[in-house]
Amino acid sequence: MSKKCIKCGQLIPDEASFCPHCTAVQAEKKEIKPPRRWKKKALIILTILILSAVVGTVFLMHHKPQKYEGGAQIVYQDKDKSYKVLLTFSQEDGVTGHAQGERTDTLSEGMDSALPCQLYVLDQKTGKLAWEEFTQKVKSCQVNTKPYENSQKMEFVEPTHNESFPDAAYVSDILFHADSGTNDIEWMLTMENGDTISLRTKLTLEKQKAVTYYFEDTPMETTDQLKALLASIEEEVPSDTTVYLHLPAVTYDGDIVFGDHVWGIYGSTEEDITTTFTGTVSMRGMNGNYADISGVHFAGNSGTGLNAYCLVLLSQCSFDGWDTAAFAQNGAWVNAMDCTFTNNITALKFNSSTSYGSAPNYLNNTFTDNGTAVCINNLPGTEVLDFAGSIFSGNDTDIDNKAEHPVDTAKAAFQ
């Protein structure tokens, strides 16, 4: 087989790559086209998109909302700063950075009470309080209670910053009774950046034994009978047992001392006669004991109506004619709600540098025609005394606050 040279036309072998006659190369020239620019641009764009996807994935992984879960304490990392966030029932522990994972209290049978569960925030590096800057990063703060088996759910007040606990970021009052048992107190904070913080502490109530005396069943119609009953209680009833006294509508003369127990003292009214004390009543509850006094009239012509050496809670009581109607001695605190103080030189007086308990709400009281309605010489803590709904009328001095203790009278009435 042969073919013609593409240049001179002479016959040459088919397999020849050049002509032996004219030496012309027999391969045909083909035009080489340069690559189209759009393919190069597409490759660049594709590369950029891949790199962007990788960078975006890394960014999202780094900035994905984080979940911080712990017991009563966690360390929260926000950008370049770390915060120590903790729960406690103690203001002193909170400001020093000590969390309280559980607490056990005793409560007398039939009684209700409350404890402030407090959330504190400290700068992890310096140990200084940092709740103000931290709360600006908080979107929401919630509390819930979960009862254990054979326990009852505790109630709670929605958390907020409370001026009575100025160093705490948030405070929630946990409300309970003697049969509440054990509850987990759960806190959930949602941050503005989507992070969540879960904290938990445990509160257990142990029911304290109680004995009850009714005037229908136990002689207490006279001062001597009441004193004899109180003497037998001191001798026969253990100090860790609560004593409830339901008093008749009679008048007790002379000074009377209630000893070292938790007391529930309840007056009564029959026709125009109310349970009345005309001498000084001394509440000697030691070791953290306290007294709840309700529906009693303290009628005097001098001296002190109520001498408190422990926490005393007054409700629906009346005081008139005393030099000092109710006096919180050192170690004590006197609270009054729905009470009336009339024609006393000093109605309510505090001179206490320490206290085993506190109750700062003085709601719906009436202070009328006293020399000084409220005198605060000394009072521990920083809890704000709230006189919402109380009426001050005709007093020479409404509030003499020598200790400069925090007092809120914005919702009180002055006439």
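Strand 20 (residues 276–277) and strand 23 (residues 297–299) lie side by side in the parallel sense, joined by 2 bridges. Strands count as paired if DSSP finds at least two bridges between them, and the strands themselves are DSSP runs of E of at least two residues, while helices are runs of H or I of at least four, with numbering from the N terminus. Within this pair, Thr-276 sits opposite His-297 of strand 23. The two strands belong to an open sheet of 8 strands with parallel pairing, and its order reads 15-20-23-26-29-31-34-37. At the edges of that sheet are strand 15 (251–252) and strand 37 (413–414), each of which pairs on one side only.

A word on what is being looked at: this is a predicted model, in which local features need pLDDT of at least 70 and side-chain atom pairs count only at pLDDT 80 or more, whereas totals for chains, interfaces and linings use all residues. Residues are numbered from 1 along each chain as its sequence is written, and side-chain values use heavy atoms, with hydrogens and water left out.

The pLDDT (the predictor's confidence in each residue, from 0 to 100) averages 89 over the chain, and 86% of the residues score at least 70. Residues 57–61 are a weak spot, with a pLDDT below 50. Beyond near neighbours in sequence, that stretch has 1 contact in the model, a contact being heavy atoms within 4.5 Å. Where pLDDT is low, the predicted coordinates should not be read in detail.

Zooming out, the chain has 4 helices and 37 strands. Of its 415 residues, 44% are buried; buried means under 20% relative accessible area, exposed means over 50%, and partly exposed is in between (1.4 Å probe, protein chains only). About 22200 Å² of the chain is exposed, with carbon and sulfur atoms supplying 50% of that area. The areas come from the Shrake-Rupley method with a 1.4 Å probe, and for residues only the protein chains shown count as cover. Looking at contacts between residues at least 6 apart in sequence, 57% join residues at least 24 apart.

Back to sheets. Another open sheet is built from 5 strands in the order 4-5-7-10-9, and here the pairing is antiparallel. Strand 4 (73–78) and strand 9 (155–156) have a single partner strand each, so one side of each has no neighbour in the sheet. Strand 9 meets strand 10 (residues 170–177) in the antiparallel sense over 2 bridges, and Glu-155 has Leu-175 in strand 10 as its bridge partner. Over at strand 4, the antiparallel pairing with strand 5 takes 6 bridges. These two strands form a hairpin with 2 residues between them, and Lys-79 in the turn has a positive phi of about 55°. On to the next partner: strand 5 is joined to strand 7 (residues 112–123) by 6 bridges, again running antiparallel, with Leu-87 opposite Leu-119 in strand 7. Strand 5 is largely enclosed by the rest of the structure, because 7 of its 8 residues are buried.

One residue of strand 5 (residues 81–88) gives a good close-up: Lys-84. Lys-84 is the bridge partner of Val-75. Leaving out residues up to four places away in sequence, Lys-84 touches several others, among them Ile-74, Tyr-120 and Leu-122. Gln-73 is also on that list; Lys-84 and Gln-73 are 11 residues apart in sequence and 7.2 Å apart in space, C-alpha to C-alpha. A polar atom of the Lys-84 side chain lies 2.9 Å from the backbone oxygen of Gly-97.

Side chains of opposite charge can pair when their charged atoms come close. The structure holds 7 salt bridges, each a side-chain nitrogen of Lys or Arg within 4 Å of a carboxyl oxygen of Asp or Glu. In one of them, Arg-103 meets Asp-105 at 2.8 Å, N to O. Arg-103 is partly exposed at 23% relative accessibility, while Asp-105 counts as buried at 18%. Lys-207 and Asp-179 form another, with their closest N and O atoms 2.8 Å apart. This pair links distant parts of the chain, 28 residues apart: Lys-207 is in strand 12 (residues 196–208), and Asp-179 is in the loop between strand 10 and strand 11 (182–191). Asp-400 and Lys-402 also form a salt bridge, at 2.3 Å between the closest N and O atoms. Finally, Lys-81, Asp-123 and Glu-133 are joined into one network by salt bridges that share partners.

How values were computed. Polar contact = N/O pair within 3.5 Å; in protein donor to acceptor, adjacent residues only side chain to side chain.
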